[in-house]
Amino acid sequence: MSDVAGIYARESAYLDRYVQVGIAQGRVISVSFPESPDEGAEDDHDLLDRIGAYFDGVEESFEDVQVALTVPTDQRKVLEAVREIPYGQDSSVAQLARMTPGLDDESDDDIRAVREALTENPAPLLIPDHRVRDGPGATPPAVVDKLRSVEGI
């Protein structure tokens, strides 16, 4: 991925909205799906090409894309576990708690921590919270349905 920092956005006919990524020091710091892009956002970035191919049905995990996770350690562990859910599969919040080191799916506090981490996800799609079927996420609901459809979930 290019090390050029900035805001990049491209319209997606499939989503009927834009995909916008923020990049700093070669790492993704944000992904969003606005109705219109930030002023000054550029549309030429290889990650946007890959996202477009994903919408066209190319199986893509984005596991090689570095995401800057400036969230508390427990949330980072949960979000790293979300990245382990394979393309075309989904998981429950309880399964995600079991996948996360140090968390217990029997603990209400740990389940709450998983849900909070999903809500605070800075990079939906790259951290595929749409693959967690019974949890909240940072991905807008209409986008979740489309991402799940792309992956056949």
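In helix 2, the buried residues are Q75, V78, L79, A81 and V82. Seen down the helix axis, these residues fall within an arc of 155°, so they line one face of helix 2. An α-helix has 3.6 residues a turn, so residues three or four places apart point the same way. The cover over the buried residues of helix 2 includes helix 3 (93-99) and helix 4. The model is a predicted one.

The packing of helix 2 (residues 73-82) against helix 4 (residues 108-119) can be described by its axes, which come within 9 Å and cross at roughly 75°. That crossing makes helix 2 roughly perpendicular to helix 4. On the side of helix 2, the contact is made by Q75, V78, L79 and V82. On the side of helix 4, V114, E116, A117 and L118 take part. By class, the contact has 6 nonpolar residues, 1 polar residue and 1 charged residue. Q75, V78, L79 and V82 also appear among the buried residues of helix 2.

Helix 1 (residues 46-55) was examined in the same way. Its buried residues are L47, L48, I51, Y54 and F55. They cover an arc of only 110° around the axis, which puts them on the same side of helix 1. The elements covering these buried residues include three strands: strand 1 (6-12), strand 2 (17-24) and strand 3 (27-32). Helix 5 (141-151) is also included in this cover. After helix 1 comes G57, with a positive phi near 105°.

The loop between helix 1 and helix 2 holds E60, S61 and F62. How buried or exposed is each of them? E60 has a relative accessibility of 15% and counts as buried, because the cut-off for buried is under 20%. F62 also counts as buried, at 1% relative accessibility. S61 is partly exposed, with a relative accessible area of 34%.

E60 has several partners. Its side chain reaches the backbone nitrogen of F62 at 3.3 Å. Leaving aside residues up to four places away in sequence, E60 touches R50, Y54, Y87 and R131. One of these, Y54, is a buried residue of helix 1. F62 has a positive phi of about 60°, although F62 is not a glycine. S61 was compared with D104, a residue 43 places apart from S61 in sequence. The C-alpha atoms of S61 and D104 are 26 Å apart in space.

Strand 2 contains R17. R17 counts as buried, at 15% relative accessibility. Which residues does R17 touch, not counting residues up to four places away in sequence? The contacts of R17 are R10, E11, S12, F33, P34, E35, P140 and V143. V143 falls within helix 5 (141-151). R10, E11 and S12 fall within strand 1 (6-12).

The loop between strand 2 and strand 3 includes Q25 and G26. Q25 is exposed, with a relative accessible area of 73%, whereas G26 counts as buried at 10% relative accessibility. Phi of Q25 is near 50°, a positive value in a residue other than glycine. G26 and V65 are 39 residues apart in sequence. In space, the C-alpha atoms of G26 and V65 are 9.2 Å apart.

Beyond the helices and loops described above, G152 is found in the segment after helix 5. G152 is exposed, with a relative accessible area of 65%. Along the chain, G152 and Y87 are 65 residues apart. Their C-alpha atoms are separated by 9.2 Å. Y87 is also one of the residues touched by E60.

Methods. Residues are numbered from 1 along each chain as its sequence is written. This is a predicted model: local features need pLDDT of at least 70, side-chain atom pairs count only at pLDDT 80 or more; totals for chains, interfaces and linings use all residues. Side-chain values use heavy atoms; hydrogens and water are left out. Buried means under 20% relative accessible area, exposed over 50%, partly exposed in between (1.4 Å probe, protein chains only). Helices (H or I, at least four residues) and strands (E, at least two) are DSSP runs, numbered from the N terminus. The arc is that of the directions from the helix axis to the C-beta atoms. Contact means heavy atoms within 4.5 Å. Axes are lines fitted to C-alpha atoms, for helices over the stretch in contact, and angles run from 0 to 180 degrees between N-to-C directions. Angles under 35 degrees count as roughly parallel, over 145 as roughly antiparallel, 65 to 115 as roughly perpendicular and the rest as oblique. Ala, Val, Leu, Ile, Met, Phe, Trp, Tyr, Cys and Pro count as nonpolar, Asp, Glu, Lys and Arg as charged, and the others, Gly among them, as polar. A polar contact is a pair of N or O atoms within 3.5 Å; within protein, one must be able to donate a hydrogen and the other to accept it, and residues adjacent in sequence count only if both atoms are side-chain atoms.
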